[in-house]
Amino acid sequence: QLRVPYLEFSGKPYKTRPPEPELGAWEVPISEGPRRFTEEEDRFLICLTAAVGYGQWELVQAELRRCWEFRFNVFLRSRSTTDLSRRVDQLIVLLEREENIAEGK
């Protein structure tokens, strides 16, 4: 069983939330509905995908449903594997765009 967000970064285990980059207030919905992912949910999805591996959407979904921090979050727990993969893909594109801007490309 994974202990996310208690992941290992740079070989050092963190006892609290690992230092993560600010993801910003992204308004990238996956549907036309009024509910959007929060920054905390986005961070968790990125960390979880990094931990279990990109493309392992069934495992990501299972870990999300087991996660204690989101036990009352019906929106996140009810996302399909397709929804999760789309959201992570959107986040990756945004992170790459942010990195390119920081590098001056």
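Against which helices do the buried residues of α2 pack? The tour below leads to the answer; please keep in mind throughout that the model is predicted.

**The whole chain**

Begin by selecting the entire protein chain and colouring it by secondary structure. Four helices and two strands should appear. Followed from the N terminus, the elements come in the order β-β-α-α-α-α. Next, colour the chain by accessibility: of its 105 residues, 34% count as buried. The accessible surface amounts to about 6,900 Å², and carbon and sulfur atoms account for 52% of that surface. The contacts also deserve attention: of those between residues at least 6 apart in sequence, 58% join residues at least 24 apart.

**Helix α2 and its buried side**

Now select helix α2, residues 57–66. Within this helix, display the side chains of W57, V60, Q61, E63 and L64, which are its buried residues. Because they cover an arc of only 165° around the axis, they lie on the same side of α2. A general rule is useful when looking along a helix: an α-helix has 3.6 residues a turn, so residues three or four places apart point the same way.

The opening question can now be answered. Add α1 (39–52), α3 (74–77) and α4 to the selection; the buried residues of α2 pack against these three helices.

Before moving on, centre the view on E63, which is located in helix α2. E63 counts as buried because its relative accessible area is 9%, under the 20% cut-off. Then select V52 as well: E63 and V52 are 11 residues apart in sequence, and their C-alpha atoms are 9.3 Å apart in space.

**Where α2 meets α4**

Keep α2 on display and select helix α4, residues 81–103. Two packed helices are described by the angle between their axes and the distance between the axes. Here the axes of α2 and α4 come within 9 Å and cross at roughly 100°. The crossing angle therefore makes α2 roughly perpendicular to α4. To see the contact itself, show W57, E58, V60, Q61 and L64 on the α2 side, and T81, L84, S85 and V88 on the α4 side. Coloured by class, the residues of this contact comprise five nonpolar, three polar and one charged.

**Where α1 meets α4**

Hide α2 and bring helix α1 into view beside α4. At what angle do α1 and α4 pack? The angle is about 95°, and the axes are 10 Å apart. This arrangement therefore makes α1 roughly perpendicular to α4. Select D42, L45, I46 and T49 in α1, together with L84, R87, V88, L91 and L95 in α4, to display the contact. The classes in the contact of α1 with α4 are six nonpolar, one polar and two charged residues.

**A last stop at D42**

Finally, centre on D42 in helix α1. Is D42 buried or exposed? D42 counts as buried, because its relative accessibility is 3%. Select R87 alongside D42: the two residues are 45 apart in sequence, yet the C-alpha to C-alpha distance between D42 and R87 is 8.2 Å. Both residues also belong to the contact between α1 and α4.

Note on methods
Residues are numbered from 1 along each chain as its sequence is written. This is a predicted model: local features need pLDDT of at least 70, side-chain atom pairs count only at pLDDT 80 or more; totals for chains, interfaces and linings use all residues. Side-chain values use heavy atoms; hydrogens and water are left out. Buried means under 20% relative accessible area, exposed over 50%, partly exposed in between (1.4 Å probe, protein chains only). Contact means heavy atoms within 4.5 Å. Accessible areas come from the Shrake-Rupley method with a 1.4 Å probe; for residues, only the protein chains shown count as cover. Axes are lines fitted to C-alpha atoms, for helices over the stretch in contact, and angles run from 0 to 180 degrees between N-to-C directions. Angles under 35 degrees count as roughly parallel, over 145 as roughly antiparallel, 65 to 115 as roughly perpendicular and the rest as oblique. Ala, Val, Leu, Ile, Met, Phe, Trp, Tyr, Cys and Pro count as nonpolar, Asp, Glu, Lys and Arg as charged, and the others, Gly among them, as polar. The arc is that of the directions from the helix axis to the C-beta atoms.
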